[in-house]
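Here's a quick briefing for anyone meeting this structure for the first time. Have a look at the model, then work through the points below.

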Amino acid sequence: FVSAWASNVADNGGDDIEVDLTAGWSGSAGPVDVSVSGIYYVYPGASEFDYAELFGSVGTAIGSGNVTVNVAYAPSQDNIGNQDNIYVGMAATHPLGDIITLNGSFGIEDGAFGDNKRDWSIGADVDGGNGFVIGVKYIDTARTQGSPLANGTALFSISKAF
């Protein structure tokens, strides 16, 4: 698989856009879903922030829900301060009927982007029909140091699968 994703980001050295370019493989081994990929984070106009990361996940159904364990590793690179970074997380989903799906996650990150940082989320997605999904999620972190990134926030999303 391949994907591209883009979003605005807080002031990032003159560029406020992040583009994530991903290539990977996913498949199943019995009841277990496996995915491995590489992600290249691009900041057009601020290439001194570009970096690469490896990502893997293993998930399985539990009842009508799903649980996934994720690991992301960014090896030491100039653009992330010549320090590596590792993130280990778990995510779960559970449908409520045919339209609403609850979701949540918890993760721990250590290295270039976090010093034993913990984060979590809880939310719900609503099937809007025709491939559209409308979501709301509360996201928070135990990050400190007075950073505005430490504030919990609500995230609203609309996505379309095709």
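One term first: a residue is called buried when its relative accessible area is under 20%, exposed when that area is over 50%, and partly exposed in between. With a relative accessible area of 26%, Phe113 therefore falls in the partly exposed class. Keep in mind that this is a predicted model.

**The overall picture**

- The protein has 10 strands and 0 helices, so reading from the N terminus you simply get β-β-β-β-β-β-β-β-β-β.
- How does the radius of gyration compare with that of a compact globule? The protein comes out at 17 Å, and a compact globule with 162 residues would be near 15 Å, so the two agree.
- Along its principal axes, the C-alpha trace spans about 45 × 35 × 30 Å.
- Of the 162 residues, 25% are buried.
- Take the contacts with a separation of 6 or more: 28% of them are between residues 24 or more positions apart.

**Strands β3, β4 and β5**

- Strands β3 and β4 run antiparallel and are joined by 10 bridges.
- On that side of β4, Tyr41 stands opposite Tyr51.
- Strand β4 also pairs with strand β5 (residues 65-74), again antiparallel, through 9 bridges.
- Here Phe55 stands opposite Ala72 in β5.
- What links β4 to β5? The two strands form a hairpin with 2 residues between them, and Gly63 in the turn has a positive phi of about 65°.
- Ser57 is another residue of strand β4, and its relative accessible area of 12% makes Ser57 buried.
- Leaving aside residues up to four places away in sequence, Ser57 touches Asp33, Val34, Ser35, Thr68, Val69 and Asn70.
- As a general point, side chains in a regular strand alternate between the two faces of the sheet.

**Aromatic rings**

- Two numbers describe a pair of aromatic rings: the distance of the centres and the angle of the planes.
- How many aromatic pairs does a search of the whole structure find? The count is 2.
- One of them is Tyr41 with Tyr51, a stacked pair with 4.5 Å from centre to centre and 20° between the planes.
- That pair links distant parts of the chain, 10 residues apart: Tyr41 sits in strand β3 (residues 32-42) and Tyr51 in strand β4 (residues 51-62).
- Both Tyr41 and Tyr51 are buried.
- Tyr51 also pairs with Phe113: the ring centres are 5.1 Å apart and the planes are at 45°, so this pair is tilted.
- Phe113 lies in the loop between β7 (100-111) and β8 (114-129), while Tyr51 is in β4, so the pair ties together parts that are 62 residues apart in sequence.
- Is Tyr51 buried or exposed? Tyr51 counts as buried because its relative accessibility is 11%, whereas Phe113, at 26%, is partly exposed.
- Put together, Tyr41, Tyr51 and Phe113 make one aromatic cluster.
- Elsewhere, the ring of Phe132 has a charge over it: the charged end of Lys160 sits there, 5.1 Å from the ring centre.

**Charged side chains around Lys117**

- In general, side chains of opposite charge can pair when their charged atoms come close.
- Searching the whole structure turns up 2 salt bridges.
- Which residue forms a salt bridge with Lys117, with the closest N and O atoms 3.3 Å apart? The partner is Glu109, and Glu109 is buried at a relative accessible area of 11%.
- Asp119 forms a salt bridge with Lys117 as well, and there the closest N and O atoms are 2.9 Å apart.
- Asp119 and Lys117 are both buried.
- Through these shared partners, the salt bridges join Glu109, Lys117 and Asp119 into one network.
- Where does Lys117 sit? Its place is in strand β8.
- Why does Lys117 count as buried? Its relative accessibility is 14%, which is under the 20% cut-off.
- If you want a distance to check in the viewer, try Lys117 and Ile86: they are 31 residues apart along the chain, and their C-alpha atoms are separated by 11 Å.

Key
Residues numbered from 1 in each chain as written. Predicted model: local features only at pLDDT ≥ 70, side-chain atom pairs only at ≥ 80, totals over all residues. Heavy atoms only, no water. Phe/Tyr/Trp six-rings, centres within 6.5 Å; stacked < 30°, edge-to-face > 60°. Helix = DSSP H or I, 4+ residues; strand = E, 2+ residues; numbered from the N terminus. Buried < 20%, exposed > 50% of the residue type's maximum accessible area, 1.4 Å probe, protein only. Lys NZ or Arg CZ within 6 Å of the ring centre and 35° of its normal. Pairing = 2+ DSSP bridges. Contact = heavy atoms within 4.5 Å. Salt bridge = Lys/Arg side-chain N within 4 Å of Asp/Glu carboxyl O. Rg over C-alpha atoms; globule rule 2.2 N^0.38 Å.
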